[in-house]
Amino acid sequence: MFEQAKRSVHPEDLDYVLSLIDKEKILKKLEENNSSLIVFRFVLDGKIMHVCHFSILCDDKKHILGCIKNVESEFLDREEQEKLLQSAQRLARLDELTGIKNKNAFSEHVKEIDSVINTGEYDPVFGVIMCDINDLKRINDTRGHSFGDEAIQKACRMICEIFEDSSVYRVGGDEFAVILTGDDFLNRESLLEILKQKSADNGRFRTGPVVACGMAKYNPGVDRSFQEVYNRADGRMYANKKDLKSGNIMGEIRKREESNQMIPDDRMRKLDRLYGALHTVAGDGYIFLTDLKYNFSRWSLTAISDFGLPTDYMYNVEDIWKGCVHPEDVDKYVEAVESILEGTPVLYSITYRARKADGTYITLKPRGFILNDSKGVPEYFGGIMLPQ
């Protein structure tokens, strides 16, 4: 029997099989249970298959009846089912849009950390960073959800690239959580500054999403749960979000306006050149371009004629043009303009009514843009307004 088993049983299963098919052991087991079943790998013509060896003690208690069944297909089916189950479990923990771990995975990790804190076996070493994308709703409303999804993906990549050794989770529509561990925890202050700087650069140069962030670390003996650390990080993130909005580009622009400087000739010539280029590519519509440093604008002659504006060159034109906007549309017009000047990296997309020189109103759909200087500060604000 040994020689036969050695020829047909897989080498890794041979000792296991021989230990079970010993005559005395089989008889003892069959006397107790009347039957025996073992599964092992069989080698036939160089191919490996799983087989089931079944033995039963005959009524005379002297003979043993045995058979071997090929169960490879059943084994493969069960293996495939296990793979599918594992795959489904993994998918249940992944965010579909970004590919990182989702809120389910985050909750499981939090439970593990709380379990360690509650047992008191050792003090876990970790920190939490909360991140939130500024103005995602405005991006979705003005440019559509595809642009919003792209902003989420860009923010995710930025966060993951900075915190390479930590778990990053998407825990909400525009919210991410980072559980800091390892080198990321040790270097948490410098990494947080990198995140803030990259986010500031995105806002200044309009190259990506602006992300507010806040950080907190676990304090053994003080924090009783993960939630307490999370709440501190979340509060600091919202404080950072408030700072980002209060420190927007509009403040810098207003300072320029208050200087009441007259636009010099070289700036006037530059404005004319840029306006000419804009007029060439814009086609139909009412065109405008404003030098933000001097709050000085040039408007198309069609706009001057149709709306009764005083001249094609104007200082403080926003006050003049606001008087043309329908009273019911002024608020959304102001919000749309300021959303660009505040550093939102999107072109606004609204419609509003403006009063023509004859007193009638026309609906306009504007498209605006910003040109930054070498330091990333907005220098020119221009666009085209298309009649609807």
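Begin by selecting Thr290, a residue that counts as buried because its relative accessibility is 6%, under the 20% limit for that class. The model on display is a predicted one. Thr290 belongs to strand E8, which spans residues 286-291. Display its side chain together with that of Ser297: the two side chains make a polar contact at 2.5 Å. Then show the surroundings of Thr290. Leaving aside residues up to four places away in sequence, Thr290 touches Asn295, Phe296, Ser297, Val317, Glu379, Tyr380 and Phe381.

**The whole chain**

Zoom out to the full protein before the next stop. The 388 residues of the protein include 42% that are buried. The secondary structure consists of 15 helices and 13 strands. Of the contacts between residues at least 6 apart in sequence, 54% join residues at least 24 apart.

**The sheet around E6**

Now select strands E4, E5, E6 and E7. These 4 strands make up an open sheet with antiparallel pairing, and their order is E5-E6-E4-E7. Strands E5 and E7 (211-217) each have a single partner strand and stand at the edges, so each has one side without a neighbour in the sheet. On average, and with direction ignored, neighbouring strands are turned by 15 degrees against each other.

Next, colour E6, residues 175-180. Is this strand mostly covered, or mostly uncovered? Strand E6 is mostly covered, with 6 of its 6 residues buried. In a regular strand, side chains alternate between the two faces of the sheet. In E6, Glu175, Ala177 and Ile179 point one way, while Phe176, Val178 and Leu180 point the other way, and all are buried.

Follow the two pairings of E6 in turn. With E4 (residues 127-133), E6 pairs in the antiparallel sense over 6 bridges; select Val128 to find its bridge partner in E6, Ile179. With E5 (residues 167-170), E6 runs antiparallel, joined by 4 bridges. Two bridge partners can be displayed here: Val168 is matched with Val178 of E6, and Tyr169 with Ala177 of E6. Trace the backbone from E5 to E6 as well, since the two strands form a hairpin with 4 residues between them.

**Helices on the sheet**

Add helix H5, residues 103-119. Helix H5 lies across E5 and E6 and runs at about 130 degrees to E5. Then add H7, which packs on the sheet and touches E4, E5, E6 and E7. The direction of H7 makes about 10 degrees with that of E6.

**From H7 to H9**

For the last stop, keep H7 (residues 145-162) and select H9 (residues 188-205). How far apart are the axes of these two helices? The axes of H7 and H9 are 10 Å apart, and the helices pack at an angle of about 150 degrees. H7 is therefore roughly antiparallel to H9, as angles over 145 degrees fall in that class. The crossing of H7 past H9 is right-handed. To see the contact itself, show the side chains of Met158, Ile159 and Ile162 in H7; these residues meet Leu191, Ile194, Leu195, Lys198, Ser199 and Asn202 in H9.

Definitions and conventions:
Residues numbered from 1 in each chain as written. Predicted model: local features only at pLDDT ≥ 70, side-chain atom pairs only at ≥ 80, totals over all residues. Heavy atoms only, no water. Buried < 20%, exposed > 50% of the residue type's maximum accessible area, 1.4 Å probe, protein only. Polar contact = N/O pair within 3.5 Å; in protein donor to acceptor, adjacent residues only side chain to side chain. Contact = heavy atoms within 4.5 Å. Pairing = 2+ DSSP bridges. Axes fitted to C-alpha atoms, helices over the stretch in contact; angles between N-to-C directions. Parallel < 35°, antiparallel > 145°, perpendicular 65-115°, else oblique. Left-handed = near helix turned anticlockwise from the far one by under 90°.
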